[in-house]
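Hi everyone, thanks for coming. I'll put the sequence and the structure up, and then we'll walk through a few places together.

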Amino acid sequence: MNAALVAVLLSLVSACAYAAAAVAQERLASRASDAGPLRLLASGAWWWAVALNASAALLHVVALKYGPLTVVQPLGALTLVAAVPLGARLAGRRVSAIEWRGTGLTLLGLGALLLTASGPAPDDVLSVPEALTVSGATAALIGVLSWPGARPGLRHATASGIASGVASALTQTVTVAVTDRSGPLLSVQVIGVAVLVAAFATGGLLLSQTAYRGGLGAPLAVVTLANPVAAAVIGLSLLGERLRGGAGGVLLALTGAVLAAWGVVQLSRAAPAPGRLEPAAPVLADPEPEGPAPAGLVPRQPGPGHLTPL
């Protein structure tokens, strides 16, 4: 079977697994919006999402062995196709028109990016200095995006997508280095880059869990967009991959990026799913008790400017 076809088929199955994991994470986030990492470890739903993500990642790793980074990564857009209707189905509602429109624009844009991608099966890898430089720059960017401020969901989603894209690029380096039989299996390069892959993959998973507290559509679209963009930057600048079509291909890629970005904007305007828990209204004043206070309770403390009767 053609290597490119194998990469595409594996990417399709991987996208479906990622979609199921994203829906599981979003539902968990909506039920326990204030749960920290340690509390997540005690949740069976969290480990189910981790297992789905791990399965999808494994398929993705194999796909990267057969196809170039600029082809495999954009196919992750199909995660959005499966996740949005699946999430709506589990929430007991229909997908809204704006969600369909946003999903369609995002996929159309990423499809344009995919058409410009080209290249044979990968044979170039990141050197140790390149891997360290990319990792340091990515860690700094994630730190900036994770800083408290406006639109935390979309910023955490962007950070998650970048972390996942860089993890994919580093994974390709490990996969090619291990399977080309040109060096020792457990070289410093392989072990060091594998540790970086684990760090960025874990970070991307936790960042996406935080991003999904505000809903599924827009954060998932941002993750889906940021992931291939980050991977494509590495593939084009460091791995010798190229865009098809010369100047026309660059123009098509830029048009696709604009369409995908507009799709993300549409999804960010979608109303939250019915049934999502809203924060309780603040209590302005304690109601006065109708009867005498039960014995043994501490009496109410006086407010400012009031004396407590003896």
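Let's look at helix 8, which is mostly covered, with 21 of its 28 residues buried. Keep in mind that what you see on screen is a predicted model. How far apart should the ends of helix 8 be? At 1.5 Å a residue, its 28 residues should span 40 Å, and the end C-alpha atoms are indeed 40 Å apart, so the two agree.

Now find arginine 155, which sits in helix 8. Is arginine 155 buried or exposed? Its relative accessibility is 18%, and the cut-off for buried is under 20%, so arginine 155 counts as buried. And what does its side chain reach? The backbone oxygen of tryptophan 147, at 2.6 Å. If we skip neighbours within four places in sequence, arginine 155 is in contact with Leu145, Ser146, Trp147, Pro148, Gly149 and Ala150.

Let's hop over to helix 1, where you'll find serine 14. With 2% relative accessibility, serine 14 counts as buried. Its side chain reaches the backbone oxygen of alanine 56, and the distance there is 2.8 Å. Not counting residues up to four places away in sequence, serine 14 touches Ala56, Leu59 and His60.

Next up is helix 10. Of its 22 residues, 16 are buried, so helix 10 is largely enclosed by the rest of the structure. We can do the length check again: 22 residues at 1.5 Å each should give a span of 32 Å, and the end C-alpha atoms of helix 10 are 32 Å apart, which agrees. After helix 10 comes glycine 240, and its phi is positive, near 75°.

Inside helix 10, pick out threonine 224. Threonine 224 is buried too, at a relative accessible area of 7%. Which residues does it contact, leaving aside neighbours within four places in sequence? Those are Gly76, Ala77, Leu80 and Leu110. Here's another pair to find on your screens: threonine 224 and threonine 106 are 118 residues apart along the chain, yet their C-alpha atoms are separated by 8.8 Å.

That brings me to the largest pocket. Its space comes to about 760 Å³, and 36 residues line it. If you want to click on the ones nearest its centre, they're Tyr18, Asn53, Ala57, Ser164 and Asn227. Which helices supply at least two residues each to that lining? They are helix 1, helix 3, helix 8, helix 9 and helix 10. Helix 3 gives the largest share, with 7 residues. What kinds of residues make up the lining? There are 19 nonpolar and 17 polar residues, and no charged ones.

Okay, let's zoom out. The protein has 11 helices and 0 strands, so if you read the elements from the N terminus on, you just say "alpha" over and over. Out of 310 residues, 42% count as buried. And take the contacts between residues at least 6 apart in sequence: 82% of them join residues at least 24 apart.

That's my tour. Who wants to drive the viewer?

Methods. Residues numbered from 1 in each chain as written. Predicted model: local features only at pLDDT ≥ 70, side-chain atom pairs only at ≥ 80, totals over all residues. Heavy atoms only, no water. 1 Å grid on protein atoms, 1.4 Å probe; cavity = no way out; pocket = protein on both sides within 12 Å on 5 of 7 lines; lining within 4 Å. Points joined across faces, edges and corners; volume = space filled by probe spheres on them. Helix = DSSP H or I, 4+ residues; strand = E, 2+ residues; numbered from the N terminus. Nonpolar A, V, L, I, M, F, W, Y, C, P; charged D, E, K, R; others polar. Buried < 20%, exposed > 50% of the residue type's maximum accessible area, 1.4 Å probe, protein only. Polar contact = N/O pair within 3.5 Å; in protein donor to acceptor, adjacent residues only side chain to side chain. Contact = heavy atoms within 4.5 Å. Expected span 1.5 Å × (residues − 1).
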